[in-house]
Amino acid sequence: MEIDTKSFMNDFEDLSQEFKSLTEIHKDYVNKLESLGTLQARCVKELNHQSYRLGVIKKSMKHIKKTQENREELDELEKRMLHRKVQLDEMKEALPKMNGLYLRIILGNVNVSILNKDDKFKYKDDYEKFKFIINGIGLTISIINILANSRVLDLIFIFLLVWYYCTLTIRESILKVNGSRVKGWWRVHHFISTVLSGVLLIWPNNAIYYEFRTQFMWFNVYISFVQFLQFRYQQGCLYRLRALGERHNMDITIEGFHSWMWRGLSFLLPFLFFGYFFQLYNAYVLYHLSFRPEATWQVPVISFFFFIVFLGNTVTTMMVIPQKLNEKVKLKERFVALDKYFRRQNREPEESIELRADEITLSSSAKFQFTKRKDQ
């Protein structure tokens with residue numbers, strides 16, 4: 001026992017020596033952490049100063065009338081200011097950002113900024129997996145509810161919808177703080193879906209409910225199927241476009257059709273529009289059911305929300321199509337102008353420009369390649 005005790009004492013002494021090393025490392029870590037906070041505050045202050053001064057200069061330039069004498073200088077200044085704005089935006093990506101109003105209400109002033117690029121991508125990837133898994137669970141429960149009439153399963157499914165959409169709004173807000181550009185209708189859509197699911201959850205168990213129940217479950221089966229198709233194809237499309245440098249690393253899959261989905265994914269449009277008109281049909285059926293004597297206030301409210309979701313989805317998708325067609329024409333014009341600019345600046349021989357629907361290749365006899373980051 002005495003030998004064992006000495007052995008333990010020796011082990012602890014060795015551990016104490018290692019602890020001294022750990023203390024030094026931790027002390028260095030704390031000092032650098034404090035220095036990091038100070039540097040972040042200085043960077044944010046200087047960035048705000050730069051943005052403010054750029055705004056003042058831009059506002060002052062609006063009052064200057066362009067003439068033959070100053071046109072070239074003003075054009076050059078505008079280009080330099082635009083370049084500076086891009087540089088500032090890139091710097092902001094590595095700095096913590098303030099939470100939006102929604103996150104401040106839900107989480108308070110907790111800092112949700114993810115500064116490491118790998119951690120950002122892992123969080124985004126976790127968000128995608130979360131959507132895929134819950135979508136599969138929802139599809140399974142919907143099919144079971146079609147085959148079996150159980151009020152308990154109905155409430156479990158509807159509660160799952162409430163939790164799912166509420167969680168999506170929080171996760172998307174965190175993604176937005178960290179550089180994701182999910183915005184516009186597709187964020188509003190999830191807020192509306194949260195409220196719609198909440199009203200469904202408190203809908204009384206009456207004859208009107210059971211008259212609409214089967215149709216609603218078939219609707220969820222179809223929507224889950226379409227979202228599964230979208231997830232698989234959008235994931236592949238985003239991966240390819242990110243590899244080409246044409247999309248942002250924090251871009252995410254969405255429930256609708258977006259401009260970057262044009263290549264290879266336009267076949268989804270008929271499935272999407274059928275789903276949108278299914279939403280309109282739900283609103284139509286509920287609208288007529290709302291005139292029944294036994295109908296409660298939930299019926300017209302759910303009908304209204306289904307109509308708003310249909311309208312928002314349809315209008316947003318219809319706006320993307322002509323916008324994308326116009327972007328194709330503008331993109332060709334921009335690359336022709338870019339080619340002329342490069343030839344003038346570098347005095348290169350004639351370069352061949354191959355413009356295709358899916359890609360733009362610049363090749364020169366001098367084998368000099370120019371890589372341009374596409375505007376997001």
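**View 1. Two helices, α1 (2–61) and α2 (71–92), each supply at least two residues to the lining of the second largest pocket.** Keep in mind as you look that this is a predicted model. The helix that gives the most to this lining is α2, with five residues. The space in the second largest pocket comes to about 310 Å³.

**View 2. Here are the residues that line the second largest pocket: L54, G55, K58, M61, K62, I64, K66, L74, E78, M81, L82 and K85.** Try sorting them by character: six are nonpolar, one is polar and five are charged.

**View 3. The largest cavity encloses about 500 Å³ of space.** Of the 34 residues lining this cavity, Y165, F219, N220, I223 and Q227 are the closest to its centre. The structure holds four cavities of 30 Å³ or more.

**View 4. Several helices share in the lining of the largest cavity: α4, α5 (151–177), α6 (185–201), α7 (207–243), α9 (269–289) and α10 (298–346) each supply at least two residues.** Look for α7 in particular, as this helix gives the most, with eight residues. The lining of the largest cavity divides into 19 nonpolar residues, 14 polar ones and one charged.

**View 5. On the surface, L101, I105, I106, L107 and V110 make a nonpolar patch of about 470 Å².** You can find V110 in the loop between α3 (101–107) and α4 (117–147). With a relative accessible area of 47%, V110 is partly exposed. Patch residues need over 30% relative accessible area, so V110 at 47% clears that cut-off.

How values were computed
Residues are numbered from 1 along each chain as its sequence is written. This is a predicted model: local features need pLDDT of at least 70, side-chain atom pairs count only at pLDDT 80 or more; totals for chains, interfaces and linings use all residues. Side-chain values use heavy atoms; hydrogens and water are left out. Patches are made of residues with over 30% relative accessible area and no salt bridge: like charges are joined within 9 Å, nonpolar side chains (Val, Leu, Ile, Met, Phe, Trp, Tyr) within 5 Å. Accessible areas come from the Shrake-Rupley method with a 1.4 Å probe; for residues, only the protein chains shown count as cover. A salt bridge is a side-chain nitrogen of Lys or Arg within 4 Å of a carboxyl oxygen of Asp or Glu. Helices (H or I, at least four residues) and strands (E, at least two) are DSSP runs, numbered from the N terminus. Buried means under 20% relative accessible area, exposed over 50%, partly exposed in between (1.4 Å probe, protein chains only). On a 1 Å grid over the protein atoms alone, a cavity is a set of points where a 1.4 Å probe fits but cannot get out, and a pocket is an open set with protein on both sides within 12 Å along at least five of seven lines; lining residues have an atom within 4 Å of a point. Grid points are joined across faces, edges and corners, and a volume is the space filled by probe spheres set on the points. Ala, Val, Leu, Ile, Met, Phe, Trp, Tyr, Cys and Pro count as nonpolar, Asp, Glu, Lys and Arg as charged, and the others, Gly among them, as polar.
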